[in-house]
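Biologist: I should be grateful for a close look at a single part of this model, namely the sheet and the helices that lie across it. Please describe how the strands are arranged and what packs against them.

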Amino acid sequence: MGIDVSLLRDQCARTLERTDLSELGTRHEGKVRDSYVRGGRRTIIVSDRVSCFDVVVGTLPFKGQVLNQVAAFWFEKTRGIAPNHLLSVPDPSVSIVNECRLLPVEFVMRAYLTGVTSTSIWTAYARGDRVYCGHHLPDGLRKHERLPKPLLTPTTKAAHGSHDELASREDLIARGFISQDEFDAAADLTTRLFEEGSRFAESRGLILVDTKYELGFDAKGELTVVDEIHTPDSSRYWYRDRYTVAMSQGRDPEALDKEYLRRWLVDAGYRGEGPIPEIPIDVRCEAARRYIEAFEQVTGRAFEPNTEPPQPRIRRNLGLAPV
């Protein structure tokens with residue numbers, strides 16, 4: 001398994017940055033996904049865009065294919081725990097899903113004291129905060145240490161181009177983002193999903209460090225998992241054996257997600273404000289390699305990259321006329 005770096009370098013010039021498929025319905029653009037809504041169906045096209053600090057900073061080769069297929073893997077694996085919106089995967093980068101009414105909250109589960117963003121739990125802890133999203137944290141914890149128990153640390157779901165806000169259960173309810181019953185049902189569902197994700201990741205030699213879930217209500221009013229689940233974009237993974245060594249040596253654990261790219265941006269002086277540094281091809285390829293490694297380590301399958309030009313391939317697989 002693994003991928004030829006020369007293939008990654010070649011694909012850097014053929015990434016999927018944007019789509020325009022108005023035949024599919026009303027277009028909605030997110031940080032990473034372009035989606036098209038018609039009736040009760042949504043067509044989600046996962047681009048190769050990469051977002052750090054809530055800002056799109058560039059593209060990575062094959063990233064959309066990895067994310068779409070990892071999400072499909074997990075949607076199928078967790079279908080017995082929670083309903084999800086996935087109907088079919090007609091293309092490596094495309095999912096057809098049921099349209100749902102989204103909750104305006106992202107449900108973030110964290111099991112470790114880590115992160116480099118301004119809103120991360122480690123950043124807050126390091127500056128002396130001992131209450132995070134309503135949870136009280138003990139003194140004396142080390143960076144990257146396992147928390148006493150996994151914590152649900154929700155955020156408001158910001159509009160495209162804006163930043164998410166950390167919040168507590170009480171704050172979200174008081175501000176009218178969500179009802180008490182909705183929050184508690186979502187908390188129960190995401191806790192069970194995180195437990196299953198953590199258990200399976202451990203069986204694959206990985207630690208599911210943290211992850212975010214997005215939820216909505218389907219046409220029957222059932223709470224449903226949407227968007228993505230346990231992907232390298234929405235989740236942080238560490239190798240279990242390498243984590244122990246890194247902690248004993250005072251190093252950052254090796255991450256199988258976009259944390260590598262976040263750290264490169266931080267070292268370049270970027271934390272989400274001001275001009276975005278140009279990301280070198282070598283860095284883009286290494287970030288992409290880690291995404292692919294995450295796919296293979298989690299699923300146990302070899303990643304099979306599709307190198308066709310993405311726009312005509314997607315049109316063909318969706319039954320649209322060529323342009």
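Modeller: The account below begins with the strands and then turns to the helices. The model is a predicted one. Its open sheet comprises 5 strands in the order β1-β2-β3-β7-β6, and their pairing is antiparallel. The edges are formed by β1, residues 26-29, and β6, residues 86-91, each of which pairs on one side only. From one strand to the next, the twist averages 25 degrees.

Within this sheet, the pairing of β2 with β3 can be followed in detail. Strand β2 covers residues 33-38 and strand β3 residues 41-46; the two run antiparallel and are joined by 6 bridges. Asp34, for instance, has Ile45 of β3 as its bridge partner.

Two helices that lie across strands of the sheet may now be considered. Helix α2, residues 63-77, lies across β2, β3, β6 and β7, the last of these being residues 94-98. The direction of α2 is at about 145 degrees to β6. Helix α9, residues 310-317, lies across β3, β6 and β7 and runs at about 125 degrees to β6. Strands β3, β6 and β7 are thus crossed by α2 and also by α9.

The buried residues of α9 are Pro310, Arg313, Ile314 and Arg315. Their cover includes the strands β3, β6 and β7, together with helix α2. After α9 comes Gly319, which has a positive phi, near 75 degrees.

How values were computed
Residues numbered from 1 in each chain as written. Predicted model: local features only at pLDDT ≥ 70, side-chain atom pairs only at ≥ 80, totals over all residues. Heavy atoms only, no water. Pairing = 2+ DSSP bridges. Helix = DSSP H or I, 4+ residues; strand = E, 2+ residues; numbered from the N terminus. Axes fitted to C-alpha atoms, helices over the stretch in contact; angles between N-to-C directions. Contact = heavy atoms within 4.5 Å. Buried < 20%, exposed > 50% of the residue type's maximum accessible area, 1.4 Å probe, protein only.
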